[in-house]
Amino acid sequence: MAAVTFGDLLFTGVGHLETASGRWDQEAGDPLAAGRQLYRVVDVMTRYVDGVAPWDYAGALGRADLVLWQRAGTHIAQSLHRAAQALGRGLEGLEGLQAGPELPLGLPLAEAATALLAGRDLLNTHLATGPDGARVERTEWAQVITSAPVTRAVTDMIAWWCQQLAPLAEQLSRPSPGLAAGAAPEFAAAGQWLRQATAFARPARLADPVSVSDRTLLFAIPPAAMSAWERPRAAETAADLCGGITRSASRLQAAARGAAQRAAWSPAETAGAWRWTATAGAVTSHLTEAVLRSLAARAGPLGLPEGELHAAAAALAASQASWHQVTAAWGLITTETRFLATPAVTEASDLIVRLGRLACDDPAWTPAAAHHAPLRDPAVLAPDAAAAAAIVAAVHYAACAFERVAAADLGAVEAARQALRLYVPTRIIPDARRRKNDWRTIPRAYVIAPEEQTAALIEAYRAVVTASGQAAQALDQAALAAGAPSRAMALAREAFRAEERLSHLPPPADDLAAPNPWAGGPGPAEGELVRLRVTDPLVLQRAAAIDAAGQNLITEARTSVGGQAPGPVDSELARLGVTDPVMLQRAAAIDAAGRKLILEARTAAAGGPPPGPAESELARLGITDPVMLQRAAVIDAAGQKLTAEARAAADRGPAAPVPALPAGRGPRPGPAAGRADPDFPGRPAAGRPGSRAAGRRRGPPRAAGRPGPSVLRSWGSGRLPGGSRPGHPANPPRPDGRGGRCQPCSWPK
Amino acid sequence: MRAIDVITGRLDHAAGVPDLLAAAWEAFEFIRAAASGCADTGAGLYAAFMFASAAAAEARDAVGMAPSMPAGDLAPGVGQALEEAAGPLAELAGALAARMAATAGQADDPGDREAFRAAAAGAGQVRRLLAGGG
């Protein structure tokens, strides 16, 4: 039976959510039970986003290494915590949060929360906490869970859930017989916080959309449970053999983990075992190559990717040669303890026996010469496409397992060498040979292996790490092309490789940074508040919301003009038939600067303050739509007002210390942290139910604004110290073709 | 004279535990190298030869760590034996297994006895892997 995946749990939760939405009118008749259900699901969602973006809000502001979705996750987390707080206060008003009985089974939203919680638990089975409190990867999937594609998919998923839950919370706030007066505004506020959480995902969705493969990867994540050991049985079917190979490969990978840490001291880690696994690697590569060549012979009738299969077979042949070279490099080298059958040896043995029975025409195949048998007829091996895909998957798992074994054994052998655990017989040492007559003065039969021999061994292991990695990658491609059941693993591995590649790209030069409002860093309002040492999370969040609104508007403007509208210089060059891209780019820049200058001149002539960053950016884009320009002015005014307030507050009292930028990850303030803010984002203050937020007051958009700080005018640039701009020539596109790299630093893990 | 015959002769003529250990060490090393070299000959016995090579290396190390193993020089080289087929190597392994098992009961030192037993097991494994392979 296939293991449950994250997707299974998520879809179960979505089903319950749909049920809840469909009968929410009925559920809302009992506001206490409905509110408790809602609180529970929001609470689970906060745990998800806390895992995705485990920085507190103020700490995240100062980090330049966060990518767009991580920043969105931080904002969403903050909103979700506020939503949970509001729901909690509403339930306290109904006296139901603490003292109420357990929710009865079968309530759909509570069931949805349970499914979501189970999904989160499933993800966490791949991670553990080390003795120092740091996160420790328990399985190879841990790297996938912390990868950019899964972060994108999880954050997007939570934003989607927020969107679905917001109307439910708002419906609870409507007058009903069981609803206390104080609870209604709290439920309404929760709905607004949920809507805001949804809005925080919008810039990230526009700039870095979540792809189908991102979601496929997330949905395919299995639990970290290890299957039970099963000895190969006689006359297993091909399907049984494929399943057994997959299980053995998984167990082999688990057994290989931590080998480097054990190698320095454990007597169970021996040269015999390392030599044996190298032998197993060579034999596995040999057998898998034969299987793939057989499958390639069936490529035509079954519609298999022949090229990919042949490429993978060739890569496996190279891997076999490298493993063989490792066994040769062991030569006379040994350890002080003799061979012990480790779990890795047992699993590799099972894997080889099943692989041999799959490849060869003998259901009782073993490596012994007496059981030598010809290869199976390809038509018998893969009678149909489904069987072929299952075999590709089994081979894929086997190759990936030995890729892991190669890396683990390299680390282990290096550790053993450093611990002086590698020996050779004294009799092969040239010095001893020359002193033939007094060899008994050397009291031991073995001495520490000379450097040249261990260096050759390490070099052979390095070669096999490369070769087995290439073989596994070739099988990734084959599995994807063949639609094999292991394609999710191929996607996961590709995601991790993409992270690795991005982390090694050099940062672009700052002077080449092009204007882009989606740099992933704080916008101008947030940046100015940080400069002013504002630490109040709610004020910071107001700034973030203003910045997000500006970013949305600029995105909308860019979409509406399809890029930068041609200006007079640009048009003239077009009329002259100029196609030189450098000249056209220069013309566009001159036009943009001209538009901005004209806007500033007009504003100055009218006696108003200079345009803010959103308005400037729209002018640079050549936007003339008065509605858009008015919206930009409103947003700029809000940002300037907030900054002015913060500056006035700073002038009144001593500056708060700048929040320490987290070297690691600090705990996020809990739901009880912070204080209610009557102004933002629409949650009425206690005692003033129904009042609207000051941030939404209508009025002359520019009246409150003094000339903003220079940083406000740079909204469109969104520059960060050492940051990079997606889409800029100096910032190459991501391997998956979704725009530029978000930050020069590696994805934090 | 074929290398395998030289090895077999040394085994037959070994007198005393140290001599036998040294001859066995060389025989196992010979099998290890020969089996590894034969694996790629295309006879379809890649797995058998490779695991036989690994088993021989393990048996070699077992006798190499015996307390009575002399720490002196190697005996005059017998050369590589890449041409050997599975059958002769299986025969040599069978002979080794028998000799090691027989001596295991006669050695004075417990460490030597344990080494002979381990070597006998390794030789038996090599023989089972290669027997019937032509």
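Here is a short back-and-forth on a predicted model, going through why its parts get the labels they do.

Reader: Let's start with Ala445(A). Why does Ala445(A) count as buried or exposed?

Author: Buried needs 20 or more other C-beta atoms within 10 Å. Ala445(A) has 20 C-beta neighbours inside 10 Å, so it counts as buried. As for its place, Ala445(A) is in the loop between helix H20 (430-434) and strand S4 (446-448) of chain A. Pro425(A) is 20 residues away from Ala445(A) in sequence, yet their C-alpha atoms are 5.7 Å apart in space.

Reader: And Ala235(A), what makes it buried or exposed?

Author: The cut-off for exposed is 12 or fewer. Ala235(A) has 8 C-beta neighbours inside 10 Å, so it goes down as exposed. Ala235(A) belongs to the loop between helix H11 (212-219) and helix H12 (238-256) of chain A.

Reader: What is there to say about the phi of Ala235(A)?

Author: Its phi is positive, about 55°, although Ala235(A) is not a glycine. Most residues other than glycine have a negative phi. Leu420(A) is another case: it is not a glycine either, and its phi is about 60°.

Reader: How do you know whether Leu420(A) is buried or exposed?

Author: Same kind of count. Leu420(A) has 11 other C-beta atoms within 10 Å, and with exposed set at 12 or fewer, it is therefore exposed. You'll find Leu420(A) in the loop between H19 and strand S3 (423-425) of chain A.

Reader: On to the helices. What makes H16(A) and H21(A) roughly parallel or roughly antiparallel?

Author: Their axes cross at roughly 160° and come within 8 Å. Angles over 145 degrees count as roughly antiparallel, so H16(A) is roughly antiparallel to H21(A). The crossing of this pair is left-handed. Where H16(A) and H21(A) touch, the residues are 22 nonpolar, six polar and one charged.

Reader: Why are H2(B) and H4(B) described as roughly parallel or roughly antiparallel?

Author: The angle between H2(B), residues 17-38, and H4(B), residues 86-104, is about 155°, with the axes 11 Å apart. That is set against the cut-off of over 145 degrees, so these two helices of chain B are roughly antiparallel to each other. H2(B) passes H4(B) in a left-handed crossing.

Reader: Which residues do H2(B) and H4(B) bring to that contact?

Author: From H2(B) they include Leu20(B), Ala24(B) and Ile31(B), and from H4(B) they include Leu89(B), Leu96(B) and Thr103(B). By class, the contact has 11 nonpolar, one polar and no charged residues.

Reader: Which residues have the most contacts inside the largest nonpolar core?

Author: Ile391(A) and Ile31(B), in a core of 256 residues. Helix H19 of chain A, residues 385-418, gives the most to this core, with 21 residues. Leaving aside residues up to four places away in sequence, Ile391(A) touches Cys242(A), Val291(A), Leu295(A), Leu358(A), Leu381(A) and Ala382(A).

Reader: What makes up the contact between chain A and chain B?

Author: There are 28 residues from chain A and 28 residues from chain B. On the side of chain A that touches chain B, helices H14 (271-297) and H16 (306-330) are the elements that give two or more residues. H14(A) gives the most, with seven residues. That side of chain A divides into 14 nonpolar, eight polar and six charged residues.

Reader: And how many residues of chain A are buried overall, as a percentage?

Author: Buried residues are 52% of its 749 residues. Chain A has 28 helices and four strands.

Methods. Residues numbered from 1 in each chain as written. Chains lettered and ligands numbered in written order. Predicted model: local features only at pLDDT ≥ 70, side-chain atom pairs only at ≥ 80, totals over all residues. Contact = placed C-beta atoms within 7 Å. Nonpolar A, V, L, I, M, F, W, Y, C, P; charged D, E, K, R; others polar. Core = buried A, V, L, I, M, F, W, Y, C linked by C-beta atoms within 7 Å. Axes fitted to C-alpha atoms, helices over the stretch in contact; angles between N-to-C directions. Parallel < 35°, antiparallel > 145°, perpendicular 65-115°, else oblique. Left-handed = near helix turned anticlockwise from the far one by under 90°.
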